[in-house]
Amino acid sequence: MIRFMLMVNRQGQTRLSRYYQPVELSRRAQLEADVVRCCLSRRKDQCSFVDYKDFKLVYRQYAALYVVVGVTDNENELSVYELLHNFVEVLDKYFSRIMFNLDRVHIILDEMIQNGHVVETNKSRVLAPLTALDKMADG
Amino acid sequence: MSDVVEKTLTALPSLLSLDSHSGSTKLSSSSKLGNLIRGITELTSKHEEEKLIQRELASIKEQVSSPNTSMRQMKELMVRAIYCEMLGYEASFSYIHAIKLAQQGTALEKRVGYLAVSLFLNESHELLLLLVNTVLKDLQSTNLIEVCMALTVVSQMFPKDMIPAILPLVEEKLTHPKEIIRRKAVLALYKFYLIAPNQVQHIHNKFRKALCDKDPGVMTASLHIYLQMIQENPEGYKDLTASFVTILKQVVAGKLPMDFNYHSVPAPWLQIQLLRILAFLGKNDQSSSEIMYDILEESLRRAEINHNITYAILYECVKCIYTIHPKSELLEKAAKCIGNFVLSTKINLKYLGLKALTYVVQQDPKLALQHQVTIIECLDHPDLIIKRETLELLFRITNAQNVAVIVEKMLEFLRGNKDDYTTIDLVGKVAELAEKYAPNNEWFIETMSTVFSVGGDTMQPDIPNSFLKLLSEGFDSVEEDRKLKLFAVDSYVSLLQGEPGKLPQRFLQVISWVLGEYSYLRGELDAATVLRLLAKLLDTKSTSSETKSWVLMAMTKVCEGGVGVSVAQEVCETYSSSLDTALRQRAQELQHLSQDRDLRAKVLPREAGSEPLEVDSSLSFLDGFVSEALAAGAAPYKPHHQRQEELAQAKALSMEPYGLPISMSSCSIADRQSPTLLSVSSGLSGDSPSLSQKGGSTTPKLDGVKRVWGRQGYLVQTEPVEESDLVEVTGPLQSPNQQAGADGPPSQTPTLKPTPQPEQEKQQLASSLFVGLGSQSSLCLMGKPEATTQRFRRKAKGPVLSSSTGEQISNSSVSASSMANNLLCNDLLDSNITSETAAPSLEQTPQLSRDLPAANGACAVESTDRDVKENSASLIGDNRLVAADPAPRGDRGKLKDFSAHLPAEFSGLCHSDISPLASNQSLDVSACHVQKEDSLVLVVFMYNSSDDAIPHILLELRSDELEVSCEGDSPVEEARSRSVAVCQYSLTVKKPSVHVEVAGTVSYQLPVGTSQSVQFSYKLPLTSFIRPLTVSTEEYGTMWLDFSHDTKQKLTPICLGQEPLMDTLNVLKKKLKLHVVEIIGMEGIVACRVLRDQPCLMHCRLHAGALSVWLRSPVPDLPDCLMYHCQRALQEH
């Protein structure tokens, strides 16, 4: 199962975080810093999966942006790795028209992952509720 | 991975990173967030960031509370607050506004409100209750988008207690015409299932409907629920196997709409989900597995597209094939498929291949042989994660022949490793391997020394514990035993002569204990030398006071002769005034015992650990002491957890500084052993060698235990073997074939072509790594091949089912005194010292154990059902249990015979005697319990002894340990004059305890108007709740591994005739209603359940006249309670 998802830039600043298991606010910053250090220190030719404490990190890099997911040991790392790509493809599909913003990325993520499980991967279905909202706002 | 996609996506970051905030934005609001983000990006120090965010939060705070803020502005403010919280700065003032926004906003504003709530609040936050009304309203909205939003938030978080309020609305949505609403409703129900499974029990048929929904999205959503439910109870859903197979077939065949594809692979995550479900269904079930074979083969074949996602599916497929009932053809194909993974140049695939291989070698170690070259390459891989994964794999294929090489590789990794978690994990594995397969004494001691040095103080406490246990219990040969101990002594003496200050505390404790116990074995070693080395540890600054305790204890054992005594005296002087009470006590002990040789020989006999000790873990010999103390006004004993709970409830003062001076470890053992132990063991520091077996360790300790049950349950052989073979192989050393196989030449490993130098090294490594995995592996069960030369064969304490008594087992002269026994022994000895040195007036304590039978007889309070009458009578005698003034004892004789009032439906059932509980001038209360097959019914009789009718009687029952539910009519009754009112309650166990108790209050109004109440309590033994649990041996095996709470103890078997095991089990069966699953040779497995449906398994083994009993259950405390009753039952017989 997925424990959390982070989007961080190369400077290690968090752009988005979503926790699927409760982590205290005060401990998140430390955790995120650790996680980022783990991923940033790795070279391109190294494995995209890293041990971190008692769970695994799966990460993907898109130029200056890292998408990192913490998963439990029984998860299929490669499927999560591809899930990240699917997520980024969805973002690409949607944000080709509007500027990135925090709330919308969250709304998209909420459609795809819930309670640490993948609930929808069909791109058009993931975007359906958000596009409907946009239409309401326009209309 | 297609490069094209990768390339197009490199354009994304500029879009996402916000750093290049270019061009027009649609909303001016987002630029405010943009400003904030840019501001933060430009900052250089954490301090500046904090200042900026605090300013930002202050401004947000001001605006949200202003009445003029529009919902649109509010939305923008919430996003900024979300951003601040994301950076770790609490914005709790905005929580309530987030809820307001969800309530009052429209469209996107509302959605952001819900989003903020789900990000800000956790599931138990009280503000979440305020959201319920909004959700309720939106669920009934005609606007589909609002319904959608409400369902989304519900499936993320919802207060458990409020589920009933919205459940009907959510259920209604299951038939909604729009697929998205149906899908989200299913996901909401999944959430409910996760947080409150019993709330959705009644709608299981609707889940089935969702599974058959014409829309693939709704069906997919329902799989989450099914995966969860099937994982918990595969038996209940076997009928759906064919449905899941059909769905998978359709998906694989590409029958879904195109937009479900991901890089032209049809719904990959759906396939993975289905494969996981199938694995659960097919595990240990041949007929279900057969349904799946075709589609699994098809899935393997379909994987020709060279994309990551197909490999992700393949991995799941391979795992499934190796989990379900095996089919050799399919296994072969899966094995070949793994080859594609591990041989891949792509590192992510290699990783997954290793992970898959690690999983499958547990079933078939031969597979490792096929990939040995790759495995060796991976061992030297520059990427640590690949190395780590490879070690994991090697760990699974370790046997007696390759153990040294593999352990060396693991230690090599450990020395370079900096991560604590990895260290803890690997150190545990090395220790396990070393103990299981050590080739010789020297290697074992040296390896363990490395483990202790590297593992430091972070490692699991059970590693040093079981090491010391192994040393003290010894194994087959007395001579070997002596050699091992000697070697340990030698090696530790030389370590202490070096730089002991660098060694971790745990290691020093181990060293102290070993030197204390066994340094006398090395005759030429002067006791004074050892004492000086130990004393040096005391002087080292870095030595913790816990370690000092161990050292002092060791010195007490060693000190002898003139020089020794003077060293000891010196130390005593320093520590007898120590502020640490534990140290002071140890110093006192040392002082007294070093001067009195005879006393020391008595309380600290050498080799005490190896003598068989019969330990009465119920400590019944203390019953007299306890009842005396109770009579003198002492508070009744409460187990540790209960005290903790009460403390937590009281929440008054922090009690920590005043806690008992015992370490958690000894405390937890006390908990497990008996309710009275703590009173004796308090005051002990944890310096006995055997700390808690259970403490902290999450994995079941199965070392030295034959792998009859593997991770996957009862180890059925992968290749068909006749029944008789199976039994033969499980016998420890009986199989000559196995012997031959293991002794076979290493030529069994496939020969490689002659190659240049480095290659040759690899070949050498290969032959040493994979030795022993050859032909004999067909004989070994799915677990690790059992080495024929296993050195440290513990006296088996685990579920060993062998048809014949193993030779070496009967040979061993020493009966296995379990860990707990050792501890108890030591503790009791220690406590004797305590009482002698600290409080001479308590001299009777050591006598207590000798008075055992007498004390036992005198205060046999209660135990079985038949005793209930006596039991309650004694309770009545004990005033504290009956609050209301009980009628004088003499009156009892006049009491009515209530048995005529026992409801007719119970006439044929076994019931306890009806015992009077309490009475006053107008009402007599009595009760009995009736044992039904699936429940236990408490029947309360209330006799109105007055001349007036009592119109309203209200009976309330409560219990900490029991779930009480009223059977039949309402508990309010009328009792006419001189007649009896009867109430029935069904009882089930909530929290196991040796005896459980129901407290009750009868309150009623006299016609005169004064209200009266009678209080009573009814105590009954746990045994009344035990029912047989009928399981097969295989089911037993699976369950055994799943259960995490256990206890072990040796009991005295009953000897009536030729078959003590049979006799003993029959007694237990009769008295405790256990179900005997199977008896093989000297071992038996037994199962029972405690109402309602709390299983407990028992494994017993007869050896050297004692019965080793091992109990396991998923319910905490249950094994301990049951052990108590078993012991009682046998004692009484």
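In this predicted model, helix 13 (residues 216-232) of chain B packs against helix 15 of chain B at an angle of about 25°, with the axes 10 Å apart. Angles under 35 degrees count as roughly parallel, so helix 13 of chain B and helix 15 of chain B are roughly parallel to each other. The crossing of helix 13 of chain B past helix 15 of chain B is left-handed.

Helix 13 of chain B contributes B:Met219, B:Thr220, B:Leu223, B:His224, B:Tyr226, B:Leu227, B:Ile230 and B:Gln231 to the contact. Helix 15 of chain B answers with B:Leu270, B:Gln273, B:Leu274, B:Arg276, B:Ile277, B:Phe280 and B:Leu281. By type, the residues of this contact are ten nonpolar, four polar and one charged.

B:Phe244 touches residues of both helices: among its contacts are B:Leu223, B:Tyr226 and B:Ile230, as well as B:Leu274, B:Ile277 and B:Leu281. B:Phe244 is also one of the residues with the most contacts inside the largest nonpolar core, which has 266 residues. A:Ile108, B:Tyr492 and B:Met555 are listed with it. A second, separate core has 61 residues, including B:Ala927 and B:Leu1074.

Most residues other than glycine have a negative phi. Two residues of chain B have a positive phi without being glycine:

| Residue | Phi | Loop in chain B | Relative accessible area |
|---|---|---|---|
| B:Ser264 | about 60° | strand 1 (261-262) to strand 2 (265-266) | 54%, exposed |
| B:Asn284 | about 55° | helix 15 (268-282) to helix 16 (286-302) | 41%, partly exposed |

The loop that holds B:Asn284 thus lies between helix 15 and helix 16 of chain B.

Key:
Residues are numbered from 1 along each chain as its sequence is written. Chains are lettered from A and ligands numbered from 1 in the order in which they are written. This is a predicted model: local features need pLDDT of at least 70, side-chain atom pairs count only at pLDDT 80 or more; totals for chains, interfaces and linings use all residues. Side-chain values use heavy atoms; hydrogens and water are left out. A nonpolar core is a set of buried Ala, Val, Leu, Ile, Met, Phe, Trp, Tyr and Cys residues joined through side-chain atoms within 4.5 Å. Buried means under 20% relative accessible area, exposed over 50%, partly exposed in between (1.4 Å probe, protein chains only). Contact means heavy atoms within 4.5 Å. Helices (H or I, at least four residues) and strands (E, at least two) are DSSP runs, numbered from the N terminus. Axes are lines fitted to C-alpha atoms, for helices over the stretch in contact, and angles run from 0 to 180 degrees between N-to-C directions. Angles under 35 degrees count as roughly parallel, over 145 as roughly antiparallel, 65 to 115 as roughly perpendicular and the rest as oblique. A crossing is left-handed if the near helix is turned anticlockwise from the far one by less than a right angle, and right-handed if clockwise. Ala, Val, Leu, Ile, Met, Phe, Trp, Tyr, Cys and Pro count as nonpolar, Asp, Glu, Lys and Arg as charged, and the others, Gly among them, as polar. Lists of a residue's contacts leave out its neighbours within four places in sequence.
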